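Me: I am new to this structure and would like a close look at a single part of it. Please take one helix and follow it outward to whatever surrounds it.

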Protein chains: 2
Amino acid sequence: MNEFALIDTFFKSFTHDRDDVVFGIGDDAACLQIATGKQLLVSCDTLVAGVHFLDDWDAYDIACKAVAVNVSDMAAMGASPCWLTLALTLPDCNPPWLKRFSQGLADSLNHFNIALVGGDTTRGPLSITLTIHGQVPSNKAVRRSGANAGDKIYVSGELGAAAQAVAFLARIDLDHADKAILMAKLLHPTPRIDLNHCLQTFASAAIDISDGLSADLSHICAASNVGACLMLAGIPVHPLVKKYQGVNAIDFALSGGDDYELCFTVPPAQEEGFKAALAQARLTCYPIGIIESQPGLRVQEISGTVVSLNVRGYSHF
Amino acid sequence: MNEFALIDTFFKSFTHDRDDVVFGIGDDAACLQIATGKQLLVSCDTLVAGVHFLDDWDAYDIACKAVAVNVSDMAAMGASPCWLTLALTLPDCNPPWLKRFSQGLADSLNHFNIALVGGDTTRGPLSITLTIHGQVPSNKAVRRSGANAGDKIYVSGELGAAAQAVAFLARIDLDHADKAILMAKLLHPTPRIDLNHCLQTFASAAIDISDGLSADLSHICAASNVGACLMLAGIPVHPLVKKYQGVNAIDFALSGGDDYELCFTVPPAQEEGFKAALAQARLTCYPIGIIESQPGLRVQEISGTVVSLNVRGYSHF
C-alpha cells in the first residue's frame with residue numbers, strides 16, 4: 001500500500017459537520033473560513049513513541065490522547081477547536097494499527113466536532129504531530145500573561161491521577177478497577193472546553209496542566225511577572241492518588257503532568273460573576289491560592305507555615 | 001538545557017514584521033487575525049532524518065528546505081504564506097546544530113515574511129514538522145480539481161535538477177561547480193509564490209512538483225476526472241540533467257521529485273490574459289501539454305507517436 005492508498009483507506013473517509021471547511025484533504029492545502037468577529041488560534045503537539053506513549057498501547061488510545069492534548073491547548077485559551085492537521089510518521093504500513101488509530105482519531109474528532117483537514121504521511125520512527133486550529137471571539141483569548149497580584153488561582157479538577165497511572169504502568173498486582181480508572185485519566189483526559197465561556201468572560205490568565213501544576217502555574221507567573229502562594233489544603237487530589245500515595249499524594253498533584261485540567265486566575269472584581277456562571281453551567285472549580293506580587297511559588301502548608309516551592313515538571317532535555 | 005531554555009535560546013528571538021500576529025510563541029496557542037475577505041490555507045509537511053535529508057547535511061540547509069517545501073504548498077494554491085508552527089523532535093540538545101537550524105529557519109522566514117508563531121519541542125529521532133498557514137482572497141484558491149479537457153498544461157521552470165542532485169549525492173568525482181548548482185536546487189528550491197496572482201486569476205488547477213511531474217500531474221487528472229497528453233519536446237529539462245543523463249534526461253524531468261516548480265492548467269479562454277500577465281510580471285512558464293477527457297497520462301514523443309506514460313513517483317510505503 002503506498003501512502004496515497006493509505007490515506008484513502010484510513011483517513012479520507014472522515015466525515016465532519018462543519019460548513020467552515022471550504023475544502024479539506026485532497027489538495028496541497030486545506031481552505032478554511034474564519035467566522036466574522038473571530039480570531040484564529042493555532043497550536044501543535046507531538047507525541048513520540050517511547051516518550052509520550054508506549055509501543056504496546058492500543059493505537060485507538062494513542063489517537064484519542066493526541067487529540068485531547070491538542071484540544072486542551074484550545075481550552076487553555078478559552079477557544080473552540082475547529083480543524084486539525086495530522087503529520088503521521090510510521091515505521092511501516094501496519095493496517096491493523098492504522099485501523100485502530102484512525103478509529104480513535106475519528107471518534108475523538110467527532111466528539112469535539114473537529115474536522116480533519118489535511119496532513120502528511122511519512123516513513124520513519126513512529127511519531128504523531130497534530131496541529132489544531134480553533135476560533136475565539138476577537139480579543140477574548142485568555143493568555144498566560146494577564147494575572148495580577150490579588151487574583152485568585154483556580155484549578156478545574158482533581159490532580160495527580162495521570163502521574164499515578166504512569167507510576168503504576170508496569171504493576172499488575174493492583175486492583176483492576178483502580179488501575180482502569182487511573183489509565184483512563186492518562187489515556188483519555190477530558191480537555192476542559194466546557195469552561196470556555198467562563199474563562200473568556202472572567203479569567204485574567206490560564207494554562208493547561210500538562211507538565212504539572214507547579215511548573216504550569218510558574219509559566220503563568222513568569223509571563224505575568226508575578227508570584228503565587230498555593231494553599232495545600234485547597235488543592236484537589238484525586239482520591240486514588242491519596243489511596244496509593246498517602247502523605248506523598250500532594251507531590252503527585254503538584255508535580256504530576258498529563259492531567260490536562262486547567263489552572264487559571266480570576267480577578268477579585270470578577271469573582272462573584274465567575275462563581276455565578278460556574279453554578280449556572282453546573283461546573284465545579286477549586287480555589288487553590290492567590291497571585292502575589294513577589295516572584296516565585298510558595299505553599300501554605302496545613303499547619304499555616306508558608307514555604308517556597310521547588311518547581312518540578314517534565315522536561316525533555 | 002531544558003526545553004524551555006532551548007526554545008528561549010534558539011527560537012524566541014525570532015522577529016517578524018506582521019501586524020496580523022495578535023500573539024505568537026509563549027502561550028498555549030498563537031492568536032492570528034485573518035484579513036477581511038480572505039480565507040485561511042493550512043498545510044503541513046514532515047521531514048524525517050535519513051528519509052528527506054541526510055544526517056550530515058548542514059542544519060541551516062535542512063531548515064531552509066523544510067520552509068521551502070511548505071511555502072511551495074501555499075504557492076500551489078495561489079496563497080500567500082503568513083505563519084508557521086514548528087514541531088521539532090530532537091535526539092538530544094545539540095547547541096551547534098540548533099544554532100545552524102534556527103539561523104536557517106530565521107533567514108528563510110524573513111525572506112518570505114512568515115512569522116514563527118508556535119511549536120513543540122520533543123525528544124526522539126530527528127524529525128521536523130512544519131505547519132504553514134497562508135491567506136488567499138475568498139474563493140480564489142486554486143485547487144487540483146478544476147482542470148477541463150482543452151486546458152493547456154504548464155510548468156513554471158526547468159525540471160530534474162533535484163533528482164539529479166540526489167543521484168549524485170555520493171559522487172565526489174563530479175565537476176564541483178555543477179554539483180554545487182544541483183545541490184542548491186535540492187537544498188534551496190524556490191517556491192513559486194511569484195506566480196500567485198497569475199494562478200489566482202487564470203489557472204483552473206495547480207499542484208507543486210514534489211513527487212515528480214508525472215505523479216503530480218496525475219493527481220490533478222484524478223481530482224479533475226480528466227487525462228493529459230504531454231509533448232515531450234516541450235518539457236523543460238535542466239541543462240545539467242541533459243549534460244549528465246543524455247537520452248535519459250527526460251525520465252528525470254518526468255519522474256524526479258523535489259523540484260518544487262508548479263504544474264498548472266489554463267483554460268483556452270484565459271490563455272491570452274495569462275500570457276500577458278506573465279509577460280508583465282517578467283516570468284516564464286512552459287506549455288507542456290493538454291488536458292484531455294480520456295483518463296490517464298500520455299506523451300507525444302519527438303517523432304509524433306503518442307504512447308501511454310507509466311506514472312512513477314516517490315512513495316514512502
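**Helix 2 and its surroundings**

Reply: In this predicted model, helix 2 of chain B passes helix 3 of chain B in a right-handed crossing. The axes of the two helices, residues 59-77 for helix 2 and residues 95-112 for helix 3 of chain B, come within 7 Å and cross at roughly 35°. On the side of helix 2 of chain B, the contact is made by B:Ala59, B:Tyr60, B:Asp61, B:Ile62, B:Ala63, B:Cys64, B:Val67 and B:Val71, while helix 3 of chain B brings B:Trp97, B:Arg100, B:Phe101, B:Gln103, B:Gly104, B:Leu105, B:Ser108, B:Leu109 and B:Phe112. Sorted by class, the residues of this contact between helix 2 and helix 3 of chain B divide into 12 nonpolar, three polar and two charged.

Helix 2 of chain B also lies across two strands, strand 8 and strand 10 (262-266) of chain B, and runs at about 170° to strand 8 of chain B. Both strands appear in an open sheet of seven strands in chain B, which has the order 8-10-7-11-9-12-13 and mixed pairing. Strand 8 (205-208) and strand 13 (306-308) of chain B stand at the edges of this sheet, and each has a single partner strand, so one side of each is left without a neighbour there. On average, and with direction ignored, neighbouring strands of this sheet are turned by 25° against each other. Elsewhere in the sheet order, strand 7 (residues 152-155) of chain B runs antiparallel to strand 11 (residues 286-292) of chain B, and four bridges join them. One residue pair to look for here is B:Val155, whose bridge partner in strand 11 of chain B is B:Tyr286.

The surroundings of helix 2 can also be followed in chain A, where the division into domains helps. Chain A is divided into domain 1, covering 3-137, and domain 2, covering 152-308, and the C-alpha centres of these two domains of chain A lie 27 Å apart. Where the domains meet, 17 residues of domain 1 of chain A are in contact with 15 residues of domain 2 of chain A. Helix 2 (59-77), strand 4 (80-90) and strand 6 (127-137) of chain A each supply at least two residues of the domain 1 side, and helix 2 of chain A gives the most to that side, with 11 residues. By class, the side of domain 1 of chain A that touches domain 2 of chain A has 11 nonpolar, three polar and three charged residues.

Stepping back from the helix, one comes to the meeting of the two chains, in which 56 residues of chain B are in contact with 56 residues of chain A. The largest share of the chain B side, nine residues, comes from strand 3 (residues 38-48) of chain B, and the residues of that side divide into 27 nonpolar, 19 polar and 10 charged. Strand 3 of chain B also pairs with strand 2 (residues 30-32) of chain A, in the antiparallel sense and over three bridges, with A:Leu32 standing opposite B:Leu40.

Finally, chain B can be laid on chain A with an RMSD of 0.0 Å by a turn of 180° and a shift of 0.0 Å along the axis. The two copies are therefore related as by a two-fold rotation axis. Of the interface residues of chain B, 100% are also interface residues in chain A, so the copies meet through the same surface.

Note on methods:
Residues numbered from 1 in each chain as written. Chains lettered and ligands numbered in written order. Predicted model: local features only at pLDDT ≥ 70, side-chain atom pairs only at ≥ 80, totals over all residues. Axes fitted to C-alpha atoms, helices over the stretch in contact; angles between N-to-C directions. Left-handed = near helix turned anticlockwise from the far one by under 90°. Contact = placed C-beta atoms within 7 Å. Nonpolar A, V, L, I, M, F, W, Y, C, P; charged D, E, K, R; others polar. Pairing = 2+ DSSP bridges. Least-squares fit on C-alpha atoms with pLDDT ≥ 70 in both. Domains from an automatic or database assignment.
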